[in-house]
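Please open the structure in a viewer and keep the selection panel at hand. The tour below proceeds stop by stop, naming what to select and what is found there.

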Amino acid sequence: VEADLSDTAPDSRAAISWQAAANADSPGQDRTAAEHAAAAAVTTLYEIHAVGLIRLAMVMLGDRASAEDAVQDAFCGLYRRYGSLAEPERALQYVRSSVLNGCRSELRARQRNIRRFARALPAAPAPPEYDVLLGEEHREVLAALRRLPGRQREALVLRFFLELPEPEIARSMGISQGTVKSTTSRALAALARLVGEDR
Amino acid sequence: MNMIEDRLRAAAQAAADTIPAGSAPALRLPQAAQRRAPDTSPQRPRWPRLVAPLAAAAAVTAVIATSVAIAGGGHPQRPASASVPLLDQVPRYYLALTKSQNTGVVRDTVTGATVASIHAPGSLRFYQVFAAANDRTFVLIAGPQGRAGGPAGRLSFFVARLNPARRVVTLSLLPDLGPAIPRSADMFALSPDGARLAVGLGVHSAQLRIYSLAGHVLKEWQEDHLGTLEYPFIWMSWGASTLVYGLDGSATNPTSFRTLNTNAASGSLLRASRLAVSGKHLLDLGFSWGSYPVASGDGKTIVAGLMPGGNLPPGTVQTTEFAEYSAATGKLIRYLWPTVHDTESVLWSNFSGSVLVVLAPVHRYSPGATRLGVLSGSRFVPIPHVPDGSWENLRIAF
């Protein structure tokens with residue numbers, strides 16, 4: 001995991017770009033300049049954090065194309081909402097939340113498709129590409145992780161992959177710390193049941 | 001180190017390592033014209049300016065309510081009174097699990113004194129506790145200790161009855177309930193009369209059963225195409241027949257809350273319930289559900305915690321705000337309780353909602369710490385001598 005993903009402080013380059021963009025976006029300034037500054041700021045943030053966020057989405061979704069799409073969409077959303085983002089230091093947290101939201105939507109879409117086509121296509125869907133690259137011991141855990149409800153999966157990935165502290169997980173998921181504790185506890189127990197570790 | 005945690009870390013890292021450093025594709029931003037102007041919607045709440053004065057007044061009169069340990073049960077609570085100490089206006093006794101989870105202690109809310117203790121039989125550990133409305137009947141869920149921190153193997157259910165005069169708690173195993181409830185169940189709620197247990201099931205579907213404490217399935221509802229159940233259920237105390245549940249949401253369709261008539265016939269969960277509060281409006285507000293919901297004793301309102309997204313004004317402390325909705329129309333009635341005590345969970349409420357037992361983080365003074373106390377308006381009185389390790393809302397019951 002890239003260390004920058006767990007940092008709450010902004011990267012200095014990104015902070016400088018964000019400040020420049022914020023100044024350019026103030027009322028009365030030329031709109032084109034503001035747009036340009038916003039694009040530069042978002043691009044800088046992307047260059048620093050893209051790989052780490054794609055890795056996060058990869059763990060959540062299991063295939064690289066969907067992971068890259070989720071991250072692209074998140075940064076495009078950041079760009080569109082740039083003018084209302086008051087705190088540059090919150091940009092990474094905002095994008096991370098957007099990536100998680102995108103993963104959640106993708107997983108629900110997949111679930112709907114599985115239900116819709118289950119009778120017509122009884123064969124199991126193709127395994128995620130990392131299944132081909134990983135050992136059996138990892139595949140079992142990741143398969144179990146994918147069977148958890150979305151919120152539980154998110155809590156585990158943020159806690160045990162990104163190693164985020166509880167307050168940061170709460171902010172990323174948009175839930176309280178108490179809910180993080182309960183959700184993580186339930187998710188770990190469910191994961192253990194699914195991989196047969198509680199027997 | 002826990003084995004399942006280690007396995008999860010290793011597997012996630014192995015999956016992440018399939019993405020080499022520097023391999024991210026170029027960012028493709030939309031055309032400038034497609035950017036949206038800053039959100040100046042009048043619907044967006046201006047928390048610091050609007051809520052502080054509003055909530056100060058609203059918290060006094062708001063009709064709020066209870067979570068699993070709902071009060072009332074046909075016995076209206078006393079109104080909030082400035083002349084009565086806050087600690088005297090909440091249930092006299094509560095049950096909290098200790099950190100080791102092999103013991104539950106019943107404490108006096110006012111004095112903090114331990115009234116009685118119960119110990120999990122054998123090698124079992126207590127995992128969740130619920131209270132009926134009479135402040136002296138509790139149901140505990142126990143199981144063999146699993147490696148992941150949760151129960152391993154079959155769940156056991158106990159009822160604990162307090163005799164405060166003799167300072168004794170009688171712990172009885174509910175022998176028929178353990179085998180009746182599937183191991184996969186992890187959402188429970190005890191009815192205010194202490195006679196029924198609502199149980200949530202289904203990894204990829206929404207399934208809800210009501211059990212009698214004798215182990216009989218009284219009712220069962222299911223939907224395969226609604227998503228999964230999310231958030232613990234809450235019983236509305238009056239009549240004890242209405243249950244609130246949340247359905248799994250998504251980024252474009254956040255969790256909604258529905259009320260289930262538990263007198264309805266078994267079958268379709270959708271047909272037996274109706275939409276109470278939709279989560280779609282949260283997208284416009286830039287918020288998400290931030291905590292478990294609570295429901296009023298009269299069934300008229302639902303209160304849910306809201307948390308802002310990543311788009312906060314400078315200097316704003318991340319807090320859980322509470323909003324009150326009409327259970328009949330789903331309309332937002334008012335915002336409650338601003339940032340004074342960053343309330344995390346509401347465990348109990350009096351009938352009028354003017355006195356609440358809450359879990360409140362006290363991060364300003366001690367990072368990560370949480371305090372259990374009674375909240376009324378802007379007054380917060382800590383409950384003394386709460387056992388360590390019982391800071392999750394499933395481990396304390398009022």
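**A sheet in chain B**

Begin with B:A142, which stands opposite B:S156 in strand 7 of chain B. The model on screen is a predicted one, and every stop that follows should be read with that in mind.

Next, select strand 6 (residues 137-144) and strand 7 (residues 156-163) of chain B together; the two run antiparallel and are joined by six bridges. Along this pairing, B:F138 has B:A160 in strand 7 of chain B as its bridge partner. Colouring strand 6 of chain B by accessibility shows that it is mostly covered, with seven of its eight residues buried.

Now add strand 5 of chain B, which runs antiparallel to strand 6 of chain B and is joined to it by seven bridges. Within this pairing, B:V129 stands opposite B:L140 in strand 6 of chain B. Follow the chain through the hairpin of strand 5 and strand 6 of chain B, where five residues lie between the strands. One of the residues to select in this hairpin is B:D135, which takes a positive phi near 60 degrees.

Widen the selection to the whole sheet. It is an open sheet of four strands in chain B, with the order 5-6-7-8 and antiparallel pairing. Its edge strands are strand 5 (124-131) and strand 8 (168-173) of chain B, each of which pairs on one side only. On average, and with direction ignored, neighbouring strands of this sheet are turned by 30 degrees against each other.

**A residue on the edge strand**

Centre the view on B:V169, which has its place in strand 8 of chain B. Is B:V169 buried or exposed? B:V169 counts as buried because its relative accessibility is 14%, and the cut-off for buried is under 20%. Display the residues around B:V169: leaving out those up to four places away in sequence, it touches B:V106, B:A116, B:I118, B:A160, B:R161 and B:L162. B:A160 is also the bridge partner of B:F138. For a distance label, choose the C-alpha atoms of B:V169 and B:T137, which are separated by 9.4 Å and belong to residues 32 apart along the chain.

**Two nonpolar cores**

Turn to the largest nonpolar core, which has 65 residues. The residues with the most contacts inside this core are A:L56, A:F75, A:V95, A:V99, A:L145 and A:L156. To see which elements supply two or more residues, select helix 2 (31-61), helix 3 (64-80), helix 4 (91-117), helix 6 (136-147), helix 7 (150-161), helix 8 (166-173) and helix 9 (177-194) of chain A, together with helix 1 (3-16) of chain B. Helix 2 of chain A gives the largest share of this core, 15 residues.

Zoom in on A:L156. Setting aside its neighbours within four places in sequence, A:L156 is in contact with A:L145, A:L148, A:F161, A:T184, A:A187, A:L188, A:L191 and B:L8. Apart from this core lies another, of 20 residues, among them B:A120, B:V129, B:F138 and B:F158. Two of these residues appeared earlier on the tour: B:V129 opposite B:L140, and B:F138 with its bridge partner B:A160. In soluble globular proteins, nonpolar side chains tend to be buried together.

**Aromatic pairs**

How many aromatic pairs does a search of the whole structure find? There are four over all chains, and two of them are suggested here for viewing.

Select A:Y46 and A:F75, an edge-to-face pair at 5.0 Å centre to centre, with 85 degrees between the planes. The pair links distant parts of the chain, with A:Y46 in helix 2 of chain A and A:F75 in helix 3 of chain A, 29 residues apart. Both A:Y46 and A:F75 are buried.

Move next to B:F157 and B:F188, an edge-to-face pair at 5.8 Å centre to centre, with 70 degrees between the planes. Here too, distant parts of the chain are linked: B:F157 lies in strand 7 of chain B and B:F188 in strand 9 (residues 187-190) of chain B, 31 residues apart. B:F157 is buried, with a relative accessible area of 0%, and B:F188 counts as buried at 3% relative accessibility.

**Chain B as a whole**

Finally, zoom out to chain B, which has four helices and 27 strands. Of its 398 residues, 58% are buried. Chain B exposes about 15,600 Å², of which carbon and sulfur atoms supply 54%. Among its contacts between residues at least 6 apart in sequence, 49% join residues at least 24 apart.

Terms used:
Residues numbered from 1 in each chain as written. Chains lettered and ligands numbered in written order. Predicted model: local features only at pLDDT ≥ 70, side-chain atom pairs only at ≥ 80, totals over all residues. Heavy atoms only, no water. Pairing = 2+ DSSP bridges. Axes fitted to C-alpha atoms, helices over the stretch in contact; angles between N-to-C directions. Core = buried A, V, L, I, M, F, W, Y, C linked by side-chain atoms within 4.5 Å. Buried < 20%, exposed > 50% of the residue type's maximum accessible area, 1.4 Å probe, protein only. Contact = heavy atoms within 4.5 Å. Phe/Tyr/Trp six-rings, centres within 6.5 Å; stacked < 30°, edge-to-face > 60°. Areas by Shrake-Rupley, 256 points an atom, 1.4 Å probe, with all protein chains shown as cover.
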